[in-house]
Amino acid sequence: MIDLDIYQVDAFADRPFAGNPAAVVPLESWLPDVVLQGIAAENNLAETAFFIEDNGDADFHLRWFTPTVEVDLCGHATLASGSVLFNHRGWPKDRIVFQSRSGPLAVSRDGDRYLLDFPSKPAVDVAMPDGLADAIGCVPQRYLRATMNMAILESESAVLAVNPDLAFIAAMEGDGLIVSAPGDTSDCASRYFAPHAGIDEDPVTGSAHCTIVPYWADVLDRKDIYARQVSKRGGDLYCRLEGDRVSIAGNTALYLTGRIRV
């Protein structure tokens, strides 16, 4: 049995009980995958992040697990990991580079926020699946796919009104479903459903904005996009399209520190 530090951080929020909660567990070396997955299942949060020091070009090697699977990219748990290293693990620099299944990812200090440097994943128009309108309760104006599927709706109120058929979404090709529309108080409003990964609705999804931001930057003809994910908890993302990268800034709020025994 070993004892491990654990932190729970609300990402893309400036106060507890908002944004997206992530667990962060620093490690000295990798534990077996079955143990990492067990910790994530026990935490029962959208993601648990694990990192170890990296002896290559990056500072740390970072991995993310939902309660059921390991994922290729997670924004809010990367933001949370950066804030833990800056604020609680004594990281002395203003930038951290993580190696990951999605390549190198950086987190930097950005005033009172933290800034993610993620790959841009623009979506292209694809054929709308039969039954999608019934599954989300409205007919999308456009339907696109990068890795994630994205349905463009007419208004933020339409996004808020979606009560999805999660079994339908879990069976879709691609990685879950983003629904997005022009925002009432933001440039765009979105929600993200990922039942295939054990997450019915993700409260705030940094990785989804790798696809959301290029779309709205093109529609609005500007690089800076203020995005709001309008889940029940809600979260704010301050984004900029930079060529083939997307900068995503947000606040974090520490909720819990403790020790776990595995």
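## Figure legends: close-up views of a predicted model

**View 1. Phe-65 of strand 4 stands opposite Glu-70 in strand 5.** The view is taken from a predicted model, as are the others in this series. Strand 5 covers residues 70–71, and a hairpin of four residues links strand 4 to strand 5. The two strands run antiparallel and are joined by two bridges.

**View 2. Strand 4 pairs with strand 3 and with strand 6.** Strand 3, residues 47–53, runs antiparallel to strand 4, and six bridges hold the pair together. A hairpin of six residues leads from strand 3 to strand 4. Strand 6, residues 95–99, runs parallel to strand 4 and is joined to it by two bridges. His-61 of strand 4 appears in both pairings: Ile-52 stands opposite His-61, and His-61 in turn stands opposite Gln-99 in strand 6. Is strand 4 enclosed or open to the outside? Five of the six residues in strand 4 (residues 60–65) are buried, so this strand is largely enclosed by the rest of the structure. In a regular strand, side chains alternate between the two faces of the sheet.

**View 3. Tyr-7 is a buried residue of strand 1.** Strand 1 spans residues 3–11. With a relative accessibility of 8%, Tyr-7 falls under the 20% limit and therefore counts as buried. Which residues does Tyr-7 touch, leaving aside those up to four places away in sequence? The contacts are Ala-22, Ala-23, Val-24, Pro-26, Val-84, His-88, Arg-89, Leu-254, Leu-256 and Thr-257. Tyr-7 and Ser-155 are 148 residues apart along the chain, and their C-alpha atoms are separated by 37 Å.

**View 4. Ser-83 lies in helix 2 and is buried.** Helix 2 runs over residues 75–88. The relative accessible area of Ser-83 is 2%, so this residue belongs to the buried class, for which the limit is under 20%. Not counting residues up to four places away in sequence, Ser-83 touches Val-9, His-88, Tyr-114 and Thr-252. His-88 is also among the contacts of Tyr-7.

**View 5. Helix 6 is mostly covered.** Helix 6 comprises twelve residues, 209–220, of which nine are buried. The buried residues are His-209, Cys-210, Thr-211, Ile-212, Val-213, Pro-214, Tyr-215, Trp-216 and Ala-217. At 1.5 Å a residue the helix should span 16 Å; the C-alpha atoms at its ends are 15 Å apart, which agrees. Just after helix 6 comes Asp-221, with a positive phi of about 60 degrees.

**View 6. Ile-225 is a buried residue in strand 15.** Strand 15 extends over residues 224–229. The relative accessible area of Ile-225 is 2%. Beyond residues up to four places away in sequence, Ile-225 touches Asp-187, Cys-188, Val-213, Trp-216, Ala-217, Leu-220, Leu-237, Tyr-238 and Cys-239. Val-213, Trp-216 and Ala-217 are also among the buried residues of helix 6. Ile-225 and Val-69 are 156 residues apart along the chain, with their C-alpha atoms separated by 31 Å.

**View 7. Two cysteines are shown, Cys-138 and Cys-210.** How many disulfides are counted when the two sulfur atoms must lie within 2.5 Å? The count comes to zero disulfides. Cys-138 is in none, and the nearest cysteine sulfur, belonging to Cys-188, is 17 Å away. Cys-138 is partly exposed, with a relative accessible area of 21%. Why is the sulfur of Cys-210 not bonded to that of Cys-239? The sulfur of Cys-239 is the closest cysteine sulfur, but at 9.0 Å it is too far for a bond. Cys-210 counts as buried, with a relative accessibility of 0%.

**View 8. The protein chain as a whole contains six helices and 18 strands.** The radius of gyration is 18 Å, close to the 18 Å that the globule rule gives for 262 residues, so the chain is as compact as a globular protein of that length. Along the principal axes, the C-alpha atoms fill a box of roughly 50 × 35 × 35 Å. Of the 262 residues, 55% count as buried. The chain exposes about 11400 Å², of which carbon and sulfur atoms supply 46%. Among contacts between residues at least 6 apart in sequence, 62% join residues at least 24 apart.

Note on methods. Residues numbered from 1 in each chain as written. Predicted model: local features only at pLDDT ≥ 70, side-chain atom pairs only at ≥ 80, totals over all residues. Heavy atoms only, no water. Buried < 20%, exposed > 50% of the residue type's maximum accessible area, 1.4 Å probe, protein only. Contact = heavy atoms within 4.5 Å. Pairing = 2+ DSSP bridges. Disulfide = S-S within 2.5 Å. Expected span 1.5 Å × (residues − 1). Rg over C-alpha atoms; globule rule 2.2 N^0.38 Å. Areas by Shrake-Rupley, 256 points an atom, 1.4 Å probe, with all protein chains shown as cover.
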